[in-house]
Amino acid sequence: MSTSDEVLSSIERSGKTNPAVPSTLPVLPLRDIIIYPNMIFPVLIGRSASLKAVAEALDREKYIFVVAQRDAQVEEPSIQDVYTHGTIARILQVLRLPNNLLKVLVEGMMQGRIVGGVKDQPCIEAQIEPLASVFDHKDKQLGAMVRHATELFENYVKENRNLPPEVLGAFENIDDPVRKLYYAAANVNEKVDVKQRILDTSDVKQQYFELVTMLGSELEMLKLESEIDTKVHDQIQRSQRKYFIQEQIRALQKELGEDEETSTEIGQLREQLDKARLPEHVKGKVNEELERLRKTNAMSPEYGVQRTWLEWVASLPWSDRTVDDLNVEHVRSILDEDHYDLDRPKDRILEYISVLSLVGSMRGQILCFVGPPGVGKTSLAKSIARATGRNFVRMSLGGVRDEAEIRGHRRTYIGAMPGKIIQAMKRAGSMNPVILLDEVDKMSMDFRGDPSSALLEVLDPEQNSTFNDHYLEVDYDLSNVLFIATANVLYDIPAPLLDRMEVIELSSYLEPDKVEIAKRHILPKLIKGHGLDGFKLNMTDAALLRIVREYTREAGVRNLEREIATVLRKVATKLVTTVAQEEGSVDPAALRSTAAFKAAKRRKIVVDAPDVETFLRAPKFKTKPEDLVDKVGVATGLAWTSMGGDTLPVEVTIMPGTERLTLTGKLGEVMKESAMAALSYIRSNHAALGVSPDFAKGHEIHVHVPEGAIPKDGPSAGITMTLALLSAATGRALRGDVAMTGEVTLRGNVLPIGGLNEKLLAAKRVGIRTVLVPRDNQRDVKELSPVVTGQLEIVYVDHIEQALSVAFRDSQPTAKTKVQKRR
């Protein structure tokens, strides 16, 4: 259970609270916030210690001590990093947010002071002394100070444009001078250390003195800002007057015929810019550039640079947008028409359309389709654009290593141009297209910058409404764009970038899925592309299934499409040859009009399973019965790759020689360590496993993983190596029809792994029907399709001892000693 789950569980258990404040309270450090008594304030919490503090408070009558940090940059503050004085508060409400964040609504109760620390871990706890603020109504000096502070605060609210008038109304309705003090201080825009001074004393007179000082300082700042605003307004009026005079001069020049040479080109640009309906913040920049262009000699290099910039600005969609198709049933039909299966991404798009139809607009919809090549990531993005009625632009990021390719080059460089994002918006022609960021995991970086860091602003919903391209130098709104990224693997995507995207995994297709996709989509497209759409051509399900099983081994359908295209080319060649033989010598251009050709179109052409080998020659992949035979020292593991799942046999042999462990097969460091851990486990439990204590003495143990040219790494082969070593050491044969996956510790515990869907598919593909899986992966198996788990006996193990009875056909070791299970 996460810490945020614990907090929500605690608030459910808390029930009614006791009004007495405990003497020891959990401490909640605040960054850049001061919470005063009588304030109700929402606090966003994400740090682990803060989450623990809230959980502790909920178990202690909901009281918590909120206090500001001395330095807001400290990530894990101790009791020395917070101020001594703060506010004793009570938690009113807790709301869980995504990414393990909590929104906590607290109400300040009274001032408090830390008199002693209790502990710093897992959260700060301290002994708190409540401080009472007593107002002496007989103190005339205090009364005068209250009146002065009230006048200052009223002036402050009137001068400050950021505060609504309702603030003053609420202030006037407060009768208690102490509450007035806290209310005014909370609404003053000052630094934390300045506002903290009010909490550092419980003397009301001193507190009012600090408030008056604070308000006086802020009023001085507001007066200065007002003077600056007045000067700026005067400057704008002068600029407008200057512009009016210049327009009069230009009109006179036009009457005299002195401005005709450049006026036509500039006029066309101005007309294009007017049609673009530019935002106000862009119009000012454009008018400046137009004026500079008018004054620049047409033969000057600067003239071309300015004109190109203006043409780019005019060509961008600043306000044009397409109308979203919000008919959920229509969108569903388009997605189903273009793609078979892929229910999860389809459901996510339908959710997006449904919410869009309710609220009218949405931000922050950045999806990332992750899956092996050929499973339909790019084509699904195209279907989403077609279904929603939006324009589609694909932007390939594979091999991009220059930050300027995303943000553009500054105009000072020769040949400068905007980055890929702005270029994509120009191609889209609307403000709300679907932009596909293809192969986002293939980006790299060098001395020219990191493009993935530049993408952070593009994909951040809080920032992309003001995306600033280095070439344009004006803010461009990307908040209406539906960004969809694609990747083969998650671990190659930088963590900050991944945090901004909603990941939707597209797993490998099953054999029935591939056959159905071939029938619905691949075959009709290829038949039309090969000129066979007029013939009665039928490729049976058996033929398609044989191509899938014996001629392709992939997660997607790209190779399947190539093999089907090969079959159709053979069919086309056979047809043309037959027609030519029947008609004799005939002009190829007249071939389609011959009687033999028309007769061939009336005949049925059936491609069945036996015909596949005729067209495609010998099968490329075929399950060999001997691969499933029991062998000594050979275990079948399961591996996950970016291309899908595959079987991974591990071979072990023990031979006389130097006592050492030899590992071959281009293994990575993690895989080598798994082999060492497996050997150590067997040697430390030799008696229980029926292994001679001297089995490795005077012998070389060689572990080999075939297909040595392919790099391999990862911890999931631990159980495979352990059982292969045990088989070689005891001479007992391992079952050939059992596959396995799981990481093994030195104590023999089997730990969970990933990529289970693809691994189980790989086992079924080669005819294996029993699979050993870590018990902690049982919840993952339950989420898999019954088509994947059907006809498979999945045996869950959490210790290597439990795998022995399944992996070996013969009896267990005769030794009575139990296998050591050190959890």
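By the cut-off used here, with paired cysteine sulfur atoms within 2.5 Å, the disulfide count for this structure is zero. Keep in mind that you are looking at a predicted model. Below is a quick tour: two cysteines, one helix with two packing partners, a covered helix and its surroundings, and a few loop residues.

**Cysteines**

- Cysteine 123 has 0% relative accessibility, so it counts as buried.
- Cysteine 368 also comes out as buried, because its relative accessibility is 0%.

**Helix α11 and its partner α12**

- A handy thing to know before you start: two packed helices are described by the angle between their axes and the distance between the axes.
- Helix α11 covers residues 328-338 and helix α12 covers residues 343-359; they pack at about 155°, and their axes are 10 Å apart.
- Angles over 145 degrees count as roughly antiparallel, so α11 is roughly antiparallel to α12.
- As α11 passes α12, the crossing is right-handed.
- On the α11 side, the contact is made by Val328, Val331, Arg332, Leu335 and Asp336.
- On the α12 side, you'll find Lys346, Ile349, Leu350, Ile353 and Ser354.
- Sort the residues of this α11–α12 contact by class and you get six nonpolar, three charged and one polar.

**Helix α11 and its partner α13**

- α11 also packs against helix α13 (residues 377-388), this time at an angle of about 150° with the axes 9 Å apart.
- That angle makes α11 roughly antiparallel to α13.
- The crossing of α11 and α13 is right-handed.
- From α11, the residues making this contact are His330, Val331, Ile334, Leu335, Glu337 and Asp338.
- From α13, they are Leu380, Ser383, Ile384, Arg386 and Ala387.
- The class breakdown for the α11–α13 contact is six nonpolar, three charged and two polar residues.
- If you want residues to click on, try Val331 and Leu335 of α11: both are listed in the contact with α12, and both are listed in the contact with α13.

**Helix α19 and what covers it**

- Which residues of helix α19 (residues 541-551) are buried? They are Ala543, Leu544, Arg546, Ile547, Val548, Glu550 and Tyr551.
- The elements covering those buried residues include two strands, β14 (536-539) and β15 (604-607), along with α18 (511-529), α20 and α22.
- Helix α20 (residues 558-583) is where you'll find glutamate 563.
- Is glutamate 563 buried or exposed? Its relative accessible area is 11%, so glutamate 563 is buried.
- Setting aside residues up to four places away in sequence, glutamate 563 touches Ile547, Tyr551, Thr552, Leu616 and Lys620.
- Two of those names, Ile547 and Tyr551, should ring a bell, as they are among the buried residues of α19.

**The loop between α22 and β16**

- Arginine 617 sits in the loop that runs between α22 (609-616) and β16 (631-632).
- Arginine 617 isn't a glycine, yet its phi is positive, at about 65°.
- With a relative accessible area of 61%, arginine 617 counts as exposed.
- Alanine 618 lies in the loop between α22 and β16, and its relative accessibility of 53% makes alanine 618 exposed.
- Apart from neighbours within four places in sequence, alanine 618 contacts Tyr551 and Glu613.
- Alanine 618 and glutamate 550 are 68 residues apart in sequence, while their C-alpha atoms are 8.9 Å apart in space.

**The loop between β10 and β11**

- Glutamate 473 belongs to the loop between β10 (467-468) and β11 (475-476).
- Glutamate 473 has a positive phi of about 65°, although it is not a glycine.
- Glutamate 473 counts as partly exposed, because its relative accessibility is 34%.

**Glycine 665**

- You'll find glycine 665 in the loop between β19 (660-664) and α23 (669-684).
- Glycine 665 is buried, as its relative accessibility is 7%.
- How far apart are the C-alpha atoms of glycine 665 and glycine 708? They are separated by 4.0 Å, even though the two glycines are 43 residues apart along the chain.
- Not counting neighbours within four places in sequence, glycine 665 is in contact with His704, Val705, Gly708, Ile710 and Lys712.

Methods: Residues numbered from 1 in each chain as written. Predicted model: local features only at pLDDT ≥ 70, side-chain atom pairs only at ≥ 80, totals over all residues. Heavy atoms only, no water. Axes fitted to C-alpha atoms, helices over the stretch in contact; angles between N-to-C directions. Helix = DSSP H or I, 4+ residues; strand = E, 2+ residues; numbered from the N terminus. Parallel < 35°, antiparallel > 145°, perpendicular 65-115°, else oblique. Left-handed = near helix turned anticlockwise from the far one by under 90°. Contact = heavy atoms within 4.5 Å. Nonpolar A, V, L, I, M, F, W, Y, C, P; charged D, E, K, R; others polar. Buried < 20%, exposed > 50% of the residue type's maximum accessible area, 1.4 Å probe, protein only.
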